[in-house]
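Here is a colleague's note on the fold, written as numbered points. Please read each point with the structure open beside it.

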Amino acid sequence: MTASARYDRDVRATLAGPVPFGATAEGAPMAGVPQVNFALDTYECIVIYPGAAGRALPAETVQRLQAEHAEHMQALQRSGIILVAGSVDGPAREPEPPIGFGLARTGSVDDVRSVLEANPAVQAGLYRVDVLTFLCPAGSLEFPLVKTES
């Protein structure tokens, strides 16, 4: 049995409820909110990939766009739209593995996608972005660097 199969078996065995987390009763991947017997927090998961135009851009343009990208992401973090964001590295199975990851908590995948598509590096094609809903057990994530209103 592969490590992945063991993990799936163990997760299914430990989760209570009528339907295992992340699967339908038939074992197929599910869409929407999983049926679990614990509360879930919902975030917007930001995944950044290399863009189609990135390889064709001059090095000076890439450096400028990377700096503008960092400024854009920091501004979104300061404004409270993005909770955490950073680079990812390591082997991946995709021909174009993700290069960045972040989490937001606005309640709207479309709103987060809109502000990220305004990123100069995304507009220039250096990066492309995808935004998905991310669900996790309530209270399992903390963001100590995020300023809260008092």
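1. Strand 3 (residues 100–104) is mostly covered, with four of its five residues buried, where buried means under 20% relative accessible area, exposed over 50%, and partly exposed in between, using a 1.4 Å probe and protein chains only. Strands here are DSSP runs of E with at least two residues, while helices are runs of H or I with at least four, and both are numbered from the N terminus.

2. Please keep in mind that this is a predicted model, in which local features need pLDDT of at least 70 and side-chain atom pairs count only at pLDDT 80 or more, whereas totals for chains, interfaces and linings use all residues. Residues are numbered from 1 along each chain as its sequence is written, and side-chain values use heavy atoms, with hydrogens and water left out.

3. Strand 3 has pairing partners that can be followed residue by residue; two strands pair if DSSP finds at least two bridges between them. Strand 1 and strand 3 are antiparallel and share five bridges, with Glu-44 opposite Ala-104. Strand 2 (residues 82–87) also runs antiparallel to strand 3 and is joined to it by five bridges, and here Ala-85 stands opposite Gly-102.

4. Strand 1 also pairs with strand 4, again in the antiparallel sense, over eleven bridges, and Glu-44 stands opposite Thr-133 of strand 4. The result is an open sheet of four strands in the order 2-3-1-4, with antiparallel pairing. Strand 2 and strand 4 are at the edges and have a single partner strand each, so one side of each lacks a neighbour in the sheet. From one strand to the next, the twist averages 20°, an angle that, like the others in this note, lies between 0 and 180 degrees and is taken between the N-to-C directions of axes, which are lines fitted to C-alpha atoms, for helices over the stretch in contact.

5. Which strands does helix 2 touch as it packs on the sheet? Helix 2 touches strand 1, strand 2 and strand 4, and its direction makes about 155° with that of strand 2. Helix 3 packs on the sheet as well, touching strand 1, strand 2, strand 3 and strand 4, at about 150° to the direction of strand 4. Contact means heavy atoms within 4.5 Å.

6. The largest nonpolar core has 16 residues, of which Ile-46, Leu-116 and Val-129 touch the most other members; such a core is a set of buried Ala, Val, Leu, Ile, Met, Phe, Trp, Tyr and Cys residues joined through side-chain atoms within 4.5 Å. At least two residues of this core come from each of strand 1 (40–50), helix 2, helix 3 (109–117), helix 4 (120–123) and strand 4 (127–137), and helix 2 gives the most, with four. A second, separate core of seven residues includes Tyr-43, Leu-83, Leu-103 and Cys-136.

7. His-69, in helix 2 (residues 59–78), counts as buried because its relative accessibility is 15%. Not counting residues up to four places away in sequence, His-69 touches Ile-48, Asn-119, Ala-121 and Tyr-127.

8. Two cysteines deserve a remark: Cys-45 counts as buried at 10% relative accessibility, and Cys-136 counts as buried at 6%. With a disulfide defined as a pair of cysteine sulfur atoms within 2.5 Å, the count comes to zero.
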